[in-house]
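Please open the model in a viewer and keep the selection tool at hand. The stops below indicate what to select and what is to be found there.

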Amino acid sequence: MFQKTLKIAAVAFVLYAFVGFLLLPLFLKPQLITVVKNSTYTTMTIEHLYCNPFSFEIELHKVKLLNKQHKKVVAFEKLLLNYDPSALLFGVIQLQNISIERPFVSILYTKNKKINLLSLIKQSESGERQSQESQLARIVIERIAISNGSVAFKDFTQSETFEFDFENIDFTLSDIDTKDIKRSNVSLELKTQLKSGGTIEWKTSLVSLNPLISKGSVALNLDNLSTLWKYVKQDFPYEVTQGNLLFSSEYQLNLNELNATVIKDVVLRVDDIHLRDKKSKEKIFSLKTFDLVGGRIEPLSLDIDLNKVTLDRLSLNVQRQKNKSINLQNYFLSQNDEHNRSEKKSTRLKFHLGEFKLTQSDIKFRDDSLASTMLLSIDKLNCSIENITTAKSEVGQYNLKMNINQDGRFYTEGSFSLSSEEQKGVFHLKNLSLKPYNPYLQESTWMAIQDGLLSLKGKSEYKNKIFKVGSDLELENLRIDETKGNRELVRVKHMALNAIELKQEKLSIKRIVVEKFHLNSRMDKHGFSLLNLIKKSQKSEKKDGKFIYAIKRVEIKDAQCRFTDRTLKKPFKVVLHNIDATVKNLTNKKGKYTVVKVKNEIDKYASARIDATISSYDPGIDSRLKVTVQRYNLHSLSPYSYTYAGEKITSGELYLNLNYTTTHEKLKGTNNIVLKNSVLGEKSKEKDAPDVPLDAALLLLEDSDGVVDIDVSIDGDLSEPGFAYSSLFTKIISDTVTKVIYSPFTFIGKSLGMNSEELEYISFEFGKSIISDEEQQELKKVAKIIREKKNLSIEFAGVYDPKKDIVVTQGSNKDKETLEQLAEARAKNVKNFLLNEGVLEHQIIILKDKKVDTGSDKTIKEYIHIVIK
């Protein structure tokens, strides 16, 4: 019986081995090929299929799946399947080992944006699929391993076909139980190399599928970012030309508990990354090293905690384009940024960065939105920021150093709080060259900075949404030229502004000191040069604003001003030098007054002084101005006299005492003008030259010492359109000269303290030629004028009234001879009186007798005229 049983067992063993080793492979191979053909649009080829019924292993060698074009889609060198048949007794499919060697997958992303692998699978009826899913058995897999695999990826959706290959893929998945994933302790490990350079390593353990809970680590090393960048480059206006990346972290994913989802021990390093514009190929950005060491991120709860971030040798090219947009906006900001920012405001982000460092970096700024390109260079930029956090009551520290355009130095340090939005610090700017900023100045003026260094030192504070700055400012060796004609306009040796405070819309300065200030200005056919330096497109009407400024004191020391008037036939030039000035309380506050005091010298010997009290808010409301000039050489004014009077001035001195007031836009002024020892020169021989009798005016106005002392009043309305003080003053001087010539007694009498009207005539009683005592006193005054002015003569005519004089003399209308004798006697008596008073005979001219009609007058008047020889 035993032998019989043994024989049966032997036969069964042989039969089992025969079926397992020989028949089963012959059966399975075509079945697999048929199944694949029926379920996919591919053709399967198997070089060899091996079964071991004793170890329960199935091996497939050199398997390929070919598409309709007979191109390889999926292939592997060897597949080993090891199973446990005893588990079937419990309704479980248990696979002890699935091993795939040298697998290959070709993934194509077609132009119609479909994955080739998905299109190779035939769709089954939905009812069948649901039936199969409902009857799916429990599957237990102890281990799945892939070794030395590769994936070839091609994307045809872009203008250029993108190719990317994964090589040496090693994959391990263990302990899988589809019914009890929590107890099966699933672990996964993936390693691969990139053909372009780099590796990917991923390790994870799956704790639960529902809810999804896993933990693990990931490490990514990319040797050439430009290869990956080719895949997304069409979506960006820039391109990555080189760079490598290293990233590693541990993670824990838990979709059931937000705070339990964590990315920790983060390390991110990017080396030698370069970005350039896609069209121009100009460099935009380069970075030697970006290094993030140590970090914990809870993405679902928006909690970020980083240890240290370092950027080394960052180089950034910033360009303001002609449309005034910044190139970085086009490169890095999307059109929906405003929308995204508004959404983020409602989310509370928790953030902490222990330390941020920026070392040995530089920024190149180019502004092409101006008429002339402006270039700014920042180098040796080093910045350190500690404790950047949104946590309440936490304070961070910062410091920054950099060079601006090589010679300029900037430094700042301080503290800040993101939670309370506060900042407090100090800053120091030294030797910043102003010349590179000319393009901004020339946008609105015809001026150019040729030299000048700016230094600034102060404090800043931001609190309760109010920003305050307090600083001192120094400006050295400033020189500004006019771009029209390349003439020097302003030169300042040194200027200091002390205790500058800027708070919201209020600016206050304690003291401004300007040393060795030189100004060159001129008047030409286009007007006053300083006004014409402002481009017309920039000129605007005065607008009321809330900005308030207050400067407590301004001091100007050893200044100089050169002025040239080229509107004349010959240019007028004057130099104001040794100017010392003080200005107190310069402000635009309503109800406040500015006090101005100026002392200076004019040309060689003259001096001037200005004292003014001005309402800075509106000078026309209530202001006072007093100007005095001493010993100004009249010869310097020859260009004006030659142009407007047709005659030069050889010598003489000018003294001015001007007093002006403005009240509610009304200007009132008195001008006391004193001329000493004035000597006129040659007259203009031009046909259209003006003929103003300056010589006559001087002869009439000069006293015995050669002094002319006259007062000229000015009245004007500042609110009138086109009001100009210079035009008003010129008109008044012209009118004054005319009055001197045609009404000489008005000015001569005044200079002698006499009633000018009473000097113009002598009164006689009707019918008489005797000079009354009262009239003799007036004639003595006239005689005094003529005696003192040897170049003057006096002329008059004997007069009579044929009606009233004839009645008094008892004569008749036919007695004309008697009336003429009366007129002659009156003239003779006046002449004799003047001779007795010392008037020379050649200075007295008697004209032909005149007949007059006195009307209702009680006396007859004999008018006296002054004649200039």
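Select Asp 715 first: in this predicted model, Asp 715 is partly exposed, with a relative accessible area of 47%. Add Lys 668 to the selection, and a salt bridge between the two side chains comes into view, at 3.2 Å from N to O. Asp 715 belongs to strand β32 and Lys 668 to strand β31, so this contact ties together parts that are 47 residues apart in sequence.

Remain with strand β31 and select Glu 682 together with Lys 648. Their side chains also form a salt bridge, with an N to O distance of 3.4 Å. Because Glu 682 lies in strand β31 (residues 666-683) and Lys 648 in strand β30 (residues 647-663), the pair links parts that are 34 residues apart in sequence. Glu 682 is partly exposed, its relative accessible area being 47%.

**Further salt bridges**

How many salt bridges does a search of the whole structure find? The search returns 33. In general terms, side chains of opposite charge can pair when their charged atoms come close.

For another example, select Asp 368 and Arg 366, whose side chains meet in a salt bridge of 3.0 Å, N to O. Colour the two residues by accessibility: Asp 368 is buried, at 11% relative accessible area, whereas Arg 366 is partly exposed, at 38%. Next, select Arg 479, Asp 481, Glu 488 and Arg 491 together; salt bridges link these residues in a network.

**Charged patches on the surface**

Switch to a surface representation and select Asp 703, Asp 705, Asp 709, Asp 711 and Glu 788. These residues gather in a patch of negative charge on the surface. Centre the view on Asp 705, which is found in the loop between α11 (694-701) and β32 (707-717). Asp 705 is exposed, with a relative accessible area of 59%.

From that loop, step back to helix α11. Is α11 largely enclosed or exposed? Of its 8 residues, 6 are buried, so α11 is largely enclosed by the rest of the structure. The buried residues to select in α11 are Leu 694, Ala 696, Ala 697, Leu 698, Leu 700 and Leu 701.

For a patch of the opposite sign, select Lys 503, Lys 506, Lys 589 and Lys 592, which form a positive surface patch. Within this group, Lys 506 has its place in strand β23 (residues 506-524). Lys 506 counts as exposed, at 55% relative accessibility.

**A nonpolar patch**

Move to helix α1 (residues 2-39) and centre on Leu 15, which has its place there. Then extend the selection to Phe 13, Val 14, Leu 15, Tyr 16, Phe 18, Val 19, Phe 21, Leu 22, Leu 23, Leu 26 and Phe 54. Together, these residues make a nonpolar surface patch of about 1,000 Å².

**Paired strands**

Return to a cartoon representation and select strand β10 (residues 213-222) with strand β11 (residues 238-254). The two strands pair in the antiparallel sense over 10 bridges. To follow the register, pick Asn 221, which stands opposite Leu 246 in β11.

Now add strand β12 (residues 262-277). Strands β11 and β12 run antiparallel and are joined by 12 bridges. Here the residues to pick are Leu 245 and Val 270, since Leu 245 stands opposite Val 270 in β12.

**A buried aspartate**

Select Asp 565, whose place is in strand β25 (residues 548-565). Asp 565 is buried, with a relative accessible area of 6%. Which separation is found between the C-alpha atoms of Asp 565 and Arg 522? The two atoms are separated by 5.5 Å, with the residues 43 apart along the chain.

**Backbone angles**

The tour closes with two residues whose phi values merit inspection. Lys 113 has phi near 60°, a positive value in a residue other than glycine. Lys 113 is located in the loop between β5 (104-109) and α2 (116-119), and Lys 113 is exposed, with a relative accessible area of 58%.

Finally, select Asn 168, which is not a glycine but has a positive phi of about 50°. The place of this residue is in strand β7 (residues 162-177). Asn 168 is partly exposed, with a relative accessible area of 33%.

Key. Residues are numbered from 1 along each chain as its sequence is written. This is a predicted model: local features need pLDDT of at least 70, side-chain atom pairs count only at pLDDT 80 or more; totals for chains, interfaces and linings use all residues. Side-chain values use heavy atoms; hydrogens and water are left out. Patches are made of residues with over 30% relative accessible area and no salt bridge: like charges are joined within 9 Å, nonpolar side chains (Val, Leu, Ile, Met, Phe, Trp, Tyr) within 5 Å. Accessible areas come from the Shrake-Rupley method with a 1.4 Å probe; for residues, only the protein chains shown count as cover. A salt bridge is a side-chain nitrogen of Lys or Arg within 4 Å of a carboxyl oxygen of Asp or Glu. Lys and Arg count as positive and Asp and Glu as negative; His and the chain ends are not counted. The place of a charge is taken as NZ of Lys, CZ of Arg, CG of Asp or CD of Glu. Helices (H or I, at least four residues) and strands (E, at least two) are DSSP runs, numbered from the N terminus. Buried means under 20% relative accessible area, exposed over 50%, partly exposed in between (1.4 Å probe, protein chains only). Two strands pair if DSSP finds at least two bridges between them.
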